[in-house]
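Open the model in your viewer and keep the sequence panel in sight. The tour goes stop by stop, with a selection to make at each one.

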Amino acid sequence: MNIKEWFYFPRSDRKVLLALLIVGSAALLGVWFLGNSNRQTTLTAADSAAIMQQRQQKGYSYYRKYPHRRNKWYYDQGTHQKIELSDFDPNTADSFQLLKLGLKPWMVRNIYKYRAAGGIFRQPKDFARLYGLTVKQYKMLEPYIHISKEFLDASTIYNYEPATERDTIRSPIKITPQERVVLNKADTNQLKKIPGIGSHFARHIVQYRERLGGFYSINQLREIEDFPEMALNYFVIPDDQLRKINLNSLTLEQLRRHPYINFHMAKAIVDYRRLKGPLRSLQDLRLVRDFTPEAIQRLEPYVEFGD
């Protein structure tokens with residue numbers, strides 16, 4: 001028998017088979033559609049709580065699985081939830097408490113990074129510097145910010161702890177807010193009597209003063225790294241004669257020793273003298289890139305132009 005005869009159906013049979021295929025396909029589509037429409041269910045409160053607990057356990061498992069990442073900042077991403085205000089110390093508050101205060105996860109991350117780098121919030125106003133924090137948010141949180149005493153500046157202990165005779169040998173008694181120290185004449189012992197200044201800053205003040213040739217402005221103390229702002233009010237500068245440097249006689253190496261003259265500036269001074277003769281004013285160097293108007297104004301009190 002020819003193989004074509006096996007697949008040959010009369011015209012009437014072909015119509016019946018086609019009808020059966022159409023009905024079967026329609027039935028399959030109906031079953032699939034009804035099945036998908038019943039998949040979505042409404043979560044109860046218990047279901048939602050179970051899901052949140054599962055997510056928290058997942059995060060905890062990740063922390064246990066990778067103990068070498070303990071220094072990474074892991075915090076709950078959180079969801080949109082009602083703000084719960086409560087007292088907190090930004091130096092010790094964990095991520096869950098910070099998120100409840102209404103802070104965004106990326107803001108919490110910045111707090112963790114700041115603390116990990118050694119940053120300390122010493123007063124509530126320091127928290128206002130948090131990137132992205134609005135004035136409205138800060139005013140809302142300010143009454144709840146409480147900084148622990150252990151994070152306060154150590155110099156504040158002199159306001160409420162009387163010094164004993166033994167303490168005064170190691171740490172001199174601090175002067176009162178009404179007293180002042182002459183900045184260009186005080187030695188390290190006098191400087192250490194100023195609140196906020198210990199041996200470290202007293203030594204740096206004297207060394208920087210010697211390099212400059214004296215201070216002509218109290219604001220120059222800000223050029224010392226991490227200098228405490230609270231100490232600036234205890235200084236005065238009478239009309240003292242500053243020690244000046246002669247730009248027409250010093251060598252390149254001698255010029256470089258001044259804090260306000262870098263290598264390029266010292267070289268420009270030496271080149272000018274060699275090519276054009278003695279300097280008469282710093283304005284002679286105004287066309288040199290490093291001698292900006294600000295640099296000239298800062299250096300001017302310390303220079304002279306003797307031949």
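This is a predicted model. Start with the rings: eight aromatic pairs are counted here. Select Tyr114 and Phe121 to see one of them. Their ring centres are 5.0 Å apart, and the planes meet at 55°, a tilted pair. Which of the two partners is buried, and which is partly exposed? Phe121 is buried, because its relative accessibility is 5% and buried means under 20%. Tyr114 reaches 32%, so it counts as partly exposed.

Now add Phe88 and Phe127 to the selection. Together with Tyr114 and Phe121 they make up a cluster linked by ring pairs.

**Charges over rings**

Select Arg115 and Tyr112. Arg115 sits over the face of Tyr112, 4.9 Å from the ring centre. Then go to Arg298 and Tyr260. Here Arg298 lies over the face of Tyr260, and the distance to the ring centre is 4.0 Å.

**A lysine in a loop**

Select Lys174. Look for it in the loop that runs between helix 8 (165–170) and strand 1 (181–182). Is Lys174 buried or exposed? Its relative accessible area is 17%, so Lys174 counts as buried. Which backbone oxygens lie by the polar side-chain atoms of Lys174? One belongs to Lys192, at 2.5 Å. Another belongs to Ile194, at 3.2 Å.

**The whole chain**

Zoom out and colour by secondary structure. You should find 13 helices and four strands. The chain has 307 residues, and 27% of them are buried. Switch on the surface. The accessible area comes to about 22200 Å², with 54% of that from carbon and sulfur atoms. Among contacts with a separation of 6 or more, 52% join residues 24 or more positions apart.

**The cores**

Hide the surface and select Ile205, Phe227 and Phe235. They belong to the largest nonpolar core, which has 42 residues, and they touch the most other members. Three elements each give two or more residues to this core: helix 10 (199–212), helix 12 (263–276) and helix 13 (293–299). Helix 10 gives the most, with six residues.

Stay on Phe227 and show its surroundings. Beyond its neighbours within four places in sequence, Phe227 is in contact with Ile197, Phe201, Ile205, Leu221, Leu232 and Phe235. Next, move to the second core. This separate set has 19 residues, including Phe88, Leu103, Val108 and Leu133. You have met Phe88 already, in the ring cluster.

**Two loop stops**

Select Asp226. It is in the loop between helix 10 and strand 2 (235–236). What is the phi of Asp226? It is near 60°, a positive value in a residue other than glycine. Most residues other than glycine have a negative phi. As for accessibility, Asp226 is exposed, because its relative accessible area of 65% is over the 50% cut-off.

Finish at Val288, in the loop between helix 12 and helix 13. Val288 has a relative accessible area of 28%, so it is partly exposed. Add Met265 and draw a C-alpha to C-alpha distance. Val288 and Met265 are 23 residues apart in sequence, and 8.2 Å apart in space.

Technical notes:
Residues numbered from 1 in each chain as written. Predicted model: local features only at pLDDT ≥ 70, side-chain atom pairs only at ≥ 80, totals over all residues. Heavy atoms only, no water. Phe/Tyr/Trp six-rings, centres within 6.5 Å; stacked < 30°, edge-to-face > 60°. Buried < 20%, exposed > 50% of the residue type's maximum accessible area, 1.4 Å probe, protein only. Lys NZ or Arg CZ within 6 Å of the ring centre and 35° of its normal. Polar contact = N/O pair within 3.5 Å; in protein donor to acceptor, adjacent residues only side chain to side chain. Contact = heavy atoms within 4.5 Å. Areas by Shrake-Rupley, 256 points an atom, 1.4 Å probe, with all protein chains shown as cover. Core = buried A, V, L, I, M, F, W, Y, C linked by side-chain atoms within 4.5 Å.
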